[in-house]
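Colleague: Could you walk me through this one? I'd like to start with a single side chain and work outwards.

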Amino acid sequence: MKKSLMLYLFILAILMNVFTYMFYSREVKFGQERYDKTTKKLRDSINLVTTKLTESNYFSLENNENAQNYFDNSASGGKVILYEKLIPVVTEKLLDYNSSPNGNPYTGQDKIEGKKFIINKVKILNHRWIIADYSNGEYWGEVLLKYFVADDESITFEVNQSLLYQK
């Protein structure tokens, strides 16, 4: 009786070990598959976001080599204006006009109900065009500007077209 009890316990222990081994080996395999699937999904998402970002920045001075070459006058003995340094300077210069008491004159809008329009966001499209978003806190709009960089590196702006959205 004692021998058969020991035999049953031994067989039970072996079965428990086999089931435990199978459970943990499948758990590891399942975890690895889930990790691989998640990693693939994340890589696909990163690639999609990268592609969308590249497409959305197609019209930008940073990605337009022809527009960048416009500022390279070294062949004719002129100066080279680095576009990396030009972009923040142009943006800052345009945003400096927001402090005017009548609002930023380059929004193409006058005050409405005593509220001045100021430029919020600026995107430099190439060597000549800027698109900007503006508002007075109640009304919103967009403006297409021309900008010019003179030989003395002064910057001037010109409103090409302004659009004010309805409330």
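Colleague: Happy to look at it with you. Which residues does Val90 touch, not counting those up to four places away in sequence?

Modeller: This is a predicted model, where local features need pLDDT of at least 70, side-chain atom pairs count only at pLDDT 80 or more, and totals for chains, interfaces and linings use all residues. Residues are numbered from 1 along each chain as its sequence is written, and side-chain values use heavy atoms, without hydrogens and water. Taking contact as heavy atoms within 4.5 Å, Val90 touches Ile124, Ile130, Tyr147, Ile155 and Phe157.

Colleague: Nice! Which element gives the largest share of the largest nonpolar core?

Modeller: Such a core joins buried (under 20% relative accessible area, 1.4 Å probe, protein chains only) Ala, Val, Leu, Ile, Met, Phe, Trp, Tyr and Cys residues through side-chain atoms within 4.5 Å. This one has 22 residues, and Val90 is among those with the most contacts inside it. Elements are DSSP runs, with helices (H or I) of at least four residues and strands (E) of at least two, numbered from the N terminus; those giving two or more residues include strands E1 (118–124) and E4 (155–164). The largest share, 5 residues, comes from H3.

Colleague: And why is one side of E1 and of E4 left without a neighbour in the sheet?

Modeller: Strands pair if DSSP finds at least two bridges between them. The open sheet has 4 strands in the order E1-E2-E3-E4, with antiparallel pairing. E1 and E4 stand at the edges, so each has a single partner strand.

Methods: Buried means under 20% relative accessible area, exposed over 50%, partly exposed in between (1.4 Å probe, protein chains only).
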